[in-house]
Amino acid sequence: MLAYVLRRLLYALPILIGVNLVTFGLFFVVNSPDDMARMQLGVKRVTPEAIERWKVEHGYDLPLFFNAAVHGSAQVTDTIFFQKSLKMFTFDFGRADDGRDIAQEIRDRMGPSLALALPTFVLGLFASVSLALILVFFRASYLDFWGVVLCVAMMSISSLFYIIGGQWLVSKLWALVPISGYAPGLDAARFLVLPVAISVIAGVGSNARWYRTIFLEEISRDYVRTARAKGLSERAVLFRHVLKNAMIPILTGVVVVIPLLFMGSLLVESFFGIPGLGSYTIDAINAQDFAVVRAMVFIGSVLYIVGLILTDISYTLVDPRVRLE
């Protein structure tokens, strides 16, 4: 298993370099260093001298990929790409355009993001799988029909509707929880109840429908008919056999949200004023802060690769027939 993990990590290096290169290229196709300087200086009639001074101070006065003004290896190392992007492979994210340490900002904002994402992930997974099992247990009944209709209706509604509607109904009309904001420690719970509830409700429709499809596919297999022939009840067949054998597609779906656990929910954090990594990324995009954007894209890529490796390992735990080679 160790050799497999090491091999997968080596395979990940060209992927990370490619993601880094594409992110770098796309950002500078849309924004030039002059545009970034004008955005950060914040004045309409900024002088060319001020732009050049900002570019020198932030290291954007160099060529993007190749520096023909120097000789030797400096032609590659004295470029924006080498000095700004390749250092991230040592997790040196540098400083944002406003001078703040990006690594420190990530450490400070990790807590609020995880406080929102972890309960959303656990409660959402539990609610979706439970609802899907109930629908499959009562399959081909009116409960199954109206349950699917409800799931389709829920997944057809925009997340913005849930956020704005929840803030208006629960916070403004009923005044049960604050409409936005965040506090450290245990006080964070009253700020997170509504965002977590809205995130769970917004995702349960599509997830439950997807899990229902998986369970229905499993319940038509031969081993299920064999279990029924042995006299097992429908409940025992569903929870002991079908749920266990459906774990691989469930794990595959779960790994997709692993980067989101760290990155936070962009919309929810922004609307509820939660100082997490999601709102940090949105603010960086609005400010065209390339240093922060590339750092968050890089972290997301690393987490996704780590999640895929963990998923492959977990396959061996739920299905002994799977071998890591």
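**Close-up views of a predicted model**

**View 1. Helix α8 meets helix α9.** Ser 159, Tyr 162, Ile 163, Gly 166, Gln 167, Val 170 and Ser 171 of α8 touch Leu 194, Ile 198, Ile 201 and Ala 202 of α9. Sorted by class, this contact of α8 with α9 holds seven nonpolar and four polar residues, and no charged ones. Keep in mind as you look around that this is a predicted model. At what angle do α8 and α9 pack? The angle is about 140°, and the axes of helix α8 (residues 159–173) and α9 are 10 Å apart. Because of that angle, α8 counts as oblique to α9. The crossing of α8 and α9 is right-handed.

**View 2. Helix α7 also packs on α9.** Here helix α7 (residues 142–156) lies against helix α9 (residues 188–219) at about 130°, and their axes are 8 Å apart. This angle makes α7 oblique to α9. Is the crossing of α7 and α9 left-handed or right-handed? It is left-handed. From α7, the residues in the contact are Asp 144, Val 148, Cys 151, Val 152, Met 154 and Met 155. From α9 come Ile 201, Val 204, Gly 205, Ser 206, Ala 208, Arg 209 and Arg 212. Together, the residues where α7 meets α9 divide into eight nonpolar, two polar and three charged. Look for Ile 201 again: this residue of α9 takes part in the contact with α7 and in the contact with α8.

**View 3. Helix α1 runs alongside helix α16.** The axes of helix α1 (residues 2–30) and α16 come within 10 Å and cross at roughly 155°. Why are these helices called roughly antiparallel? An angle over 145 degrees counts as roughly antiparallel, so α1 and α16 earn that description. In this pair, α1 passes α16 in a right-handed crossing. Among the contact residues of α1 are Tyr 4, Leu 9, Ile 15, Val 19, Phe 24 and Phe 28. On the α16 side you can find, among others, Phe 290, Arg 294, Phe 298, Ile 305 and Ile 313. By class, the contact of α1 with α16 has 18 nonpolar, two polar and three charged residues.

**View 4. The second largest pocket.** How much space lies in this pocket? The second largest pocket holds about 250 Å³. Its lining has 15 residues, and those closest to its centre are Gln 83, Lys 84, Gly 94, Arg 95 and Arg 294. You have met Arg 294 already, as a residue of α16 in the contact with α1. Three elements give two or more residues each to the lining: α3 (48–58), α5 (80–84) and α16 (290–318). The lining of this pocket consists of four nonpolar, four polar and seven charged residues.

**View 5. Two loop residues with positive phi.** Find Phe 91 in the loop between α5 and α6 (102–137). Phe 91 has a positive phi of about 60°, although this residue is not a glycine. Now move to Ala 140, which sits in the loop between α6 and α7. Ala 140 is another residue other than glycine with a positive phi, near 65°.

Methods:
Residues numbered from 1 in each chain as written. Predicted model: local features only at pLDDT ≥ 70, side-chain atom pairs only at ≥ 80, totals over all residues. Heavy atoms only, no water. Axes fitted to C-alpha atoms, helices over the stretch in contact; angles between N-to-C directions. Helix = DSSP H or I, 4+ residues; strand = E, 2+ residues; numbered from the N terminus. Parallel < 35°, antiparallel > 145°, perpendicular 65-115°, else oblique. Left-handed = near helix turned anticlockwise from the far one by under 90°. Contact = heavy atoms within 4.5 Å. Nonpolar A, V, L, I, M, F, W, Y, C, P; charged D, E, K, R; others polar. 1 Å grid on protein atoms, 1.4 Å probe; cavity = no way out; pocket = protein on both sides within 12 Å on 5 of 7 lines; lining within 4 Å. Points joined across faces, edges and corners; volume = space filled by probe spheres on them.
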